[in-house]
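This report examines selected local features of one protein chain, from loop residues and helix geometry to aromatic contacts and a pocket.

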Amino acid sequence: MTFDRLRHAALAPLDRTGDTWNGLAGHAEQLAGQVRSGVLQPLTGAAPSPLAAAGARAWSGVVADEATREIGLLADELTAFHYEALAVTAALRRAASAFTRAQQDLRRAVNDAEALGATVTTDGTVTLPPLPPEDRNDPDAIAYRRRQWEELQQHIEAMGKAVTAATEADAVAAAALRTLDPAEVDPATRPGAVAEARGDLVRAAGMPTDPKALRLWWGALDPSVRAGLLAADGERLVAAGVLGPVDYEWHAPDAGAGDFAQRLPGPGDYAKGVAAETLLVGGGSIAGYTDAARHMQHYLSATGEPLNVDVDRMLGDDPTLRGLVAEQIIKHRDEWRQTALDAYERSGGAPVAVPVEAAAQRTIDSAAGDNWYLAVGSHAYATSGVVTVQAGADGKPQVSMQYQVSIWDRYNWDPGKSTPIAGTNIKDSDLADLHQTGLAREFDLAGRSTPMTAPLPGPVVGPQDIGGQGSGWEGGRADPERKTR
């Protein structure tokens, strides 16, 4: 990839080529479904046959067995082609996205350089005009030119990085496309053709490992590629977190107690630490506040490392949270369903998966019990996942939602409040002092539930339909509505 080629490249044809392959993938899957439901299933008796309804005898024998095998292979070949075409689509989309970012970065750097008065040639050479003769001995003019060059070097470096990024993206795309051969998907000669084509799709899509990059990548995928990936490698994708929100990004709502270890601890601070250990950890465990005790213990460890909360068990214990999640689904499900059906129509009948989400903030009430009230308090929560549409046995679109519930909180203590534990009122300011003196440390709390599935449309969702049993455990807290002193 050269400087001039990247700067002036027209990338729209690459998008159109991706659209073409995406359309081919959709048609192949639609044909595969028609072969299975309209020919293979009636032939094998798995679905009603018009001939059987008319009184004709079922076809059987050696020829019938061979015909069934050949038709099954044809359906599998169409399915394998579907995944291989999706893999080509994913590789082209990935390249187009990388080229677009690189081109934007390059053009931005060129514009910034030209704004400084520089000339940028077709090969990327950057020059500034010479100083006028009257300025060549002027210290101020020379100093200003030096500052121009220093700033210009940043833009030159950005241009180089953009060309390098485009060159690397070109190599990745070429390598990915060389490994794909949609013509070689015959299950008769390659029994593992469908599995191989699914693997090609997973590799071509290039799932990132960084959580933020994963979120952006998942949101940018074609709906049909997203559905194909879920079918090919859904367990790994869900474990990586693709059911989490795509647009919503949680941030701590406030600064908590301020900087960690901002002053040295005194004797009174050590006494507060002992009291917290005795009353909140030991006393909380005895009182059955296992999560509250665990979170305090983590706070007193002063590592500041994030901690997971068992959202499954939290949903099981907290009817109010279950009701809030049910409300989110009821409020948005018609909109989510229509968005997915629109994507399905655009795909030409190929399966699609569309990310959905709804997020809010709440404070745990007494219905959850003191354990979660003391362990978490106020927190953000979201219902998120994917709405999937695929053709049913009758050829009509079937819509379902796979979703999870996520929780986020910042475990901290705010002055001006108090917490009753084992008959003793603990001042939040005393616990905040532990963070400020380095004897404890605030931390982020997060967790997600086990994935759940619901049809759309389906029965009216209620609190009893949300959540399940605990999946393991760990935890955190913060609460702006506890008692004031």
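Does Gly395 count as buried, partly exposed or exposed? The model is a predicted one. Gly395 counts as partly exposed because its relative accessibility is 48%, which lies between the limits of 20% and 50%. Gly395 is placed in the loop between strand S5 (378–391) and S6. In sequence Gly395 is 362 residues away from Gly33, yet their C-alpha atoms are 7.8 Å apart in space.

## Strand S6 and the aromatic cluster

Strand S6 (residues 397–411) holds Tyr411 and also Ser406. Ser406 has a relative accessibility of 4% and therefore counts as buried. Ser406 and Ala446 are separated by 40 residues in sequence and by 7.3 Å from C-alpha to C-alpha.

How many aromatic pairs are there? The count comes to five aromatic pairs. In one of them, Trp217 with Trp218, the ring centres are 6.0 Å apart and the planes meet at 40°, so the pair is tilted. Trp217 and Trp218 are both buried. Another pair is formed by Tyr299 and Tyr411, with centres 5.3 Å apart and planes at 45°, so this pair is tilted as well. The reasoning rests on the cut-offs: planes under 30 degrees apart would count as stacked and planes over 60 as edge-to-face. Because Tyr299 lies in helix H10 (residues 290–301) and Tyr411 in strand S6, their pair ties together parts that are 112 residues apart in sequence. Both Tyr299 and Tyr411 are buried. Ring pairs join these two tyrosines with Trp413 and Phe443 in a cluster.

Two arginines lie over aromatic rings. The charged end of Arg226 is placed over the ring of Trp218, at 5.7 Å from its centre. Arg441 lies over the face of Phe260, and its distance from the ring centre is 4.0 Å.

## Helix geometry

The spans of three helices are set out below.

| Helix | Number of residues | Span between end C-alpha atoms | Expected span at 1.5 Å a residue |
|---|---|---|---|
| H4 | 54 residues | 79 Å | 80 Å |
| H8 | 18 residues | 18 Å | 26 Å |
| H10 | 12 residues | 17 Å | 16 Å |

For H4, the 79 Å reached from the first C-alpha to the last is close to the expected 80 Å. The 12 residues of H10 should span 16 Å, and the 17 Å between its end C-alpha atoms agrees with this. Helix H8 (residues 223–240), by contrast, spans only 18 Å where a straight helix of 18 residues would span 26 Å. H8 has a kink of about 105°, centred on Asp233.

Asp233 is also one of the buried residues of H8, which include Arg226, Leu229, Leu230, Gly234, Leu237 and Val238. The Arg226 listed here is the residue whose charged end sits over the ring of Trp218. In H10, the buried residues include Asp291, His295, Met296, His298, Tyr299 and Leu300. An α-helix has 3.6 residues a turn, so residues three or four places apart point the same way.

## Positive phi angles

Which residue just after H8 takes a positive phi? It is Gly241, with a phi of about 115°. Just after H4, Gly117 has a positive phi of about 95°.

Most residues other than glycine have a negative phi. Ala261 is not a glycine, but its phi is positive at about 55°. Ala261 is located in the loop between H8 and helix H9 (267–286), and its relative accessible area of 39% makes it partly exposed. Ala302, likewise not a glycine, has a positive phi of about 60°. Ala302 follows H10 and is found in the loop between H10 and strand S3 (307–308).

## The second largest pocket

The second largest pocket holds about 610 Å³ of space. Its lining comprises 26 residues, of which Arg94, Ala95, Ser97, Ala98 and Arg101 are the closest to the centre of the pocket. Helix H4 (62–115), helix H5 (139–178), helix H6 (193–205) and helix H7 (211–220) are the elements that give two or more residues to this lining. Which element gives the most to the lining of the second largest pocket? H4 does, with 10 residues.

Conventions: Residues are numbered from 1 along each chain as its sequence is written. This is a predicted model: local features need pLDDT of at least 70, side-chain atom pairs count only at pLDDT 80 or more; totals for chains, interfaces and linings use all residues. Side-chain values use heavy atoms; hydrogens and water are left out. Rings of Phe, Tyr and Trp (its six-membered ring) pair if their centres lie within 6.5 Å; planes under 30 degrees apart count as stacked, over 60 as edge-to-face and the rest as tilted. Buried means under 20% relative accessible area, exposed over 50%, partly exposed in between (1.4 Å probe, protein chains only). Helices (H or I, at least four residues) and strands (E, at least two) are DSSP runs, numbered from the N terminus. A charge sits over a ring if NZ of Lys or CZ of Arg is within 6 Å of the ring centre and within 35 degrees of the ring normal. The expected span of a helix is 1.5 Å times one less than its number of residues. The bend at a residue is the angle between axes fitted to the seven residues ending there and the seven starting there. On a 1 Å grid over the protein atoms alone, a cavity is a set of points where a 1.4 Å probe fits but cannot get out, and a pocket is an open set with protein on both sides within 12 Å along at least five of seven lines; lining residues have an atom within 4 Å of a point. Grid points are joined across faces, edges and corners, and a volume is the space filled by probe spheres set on the points.
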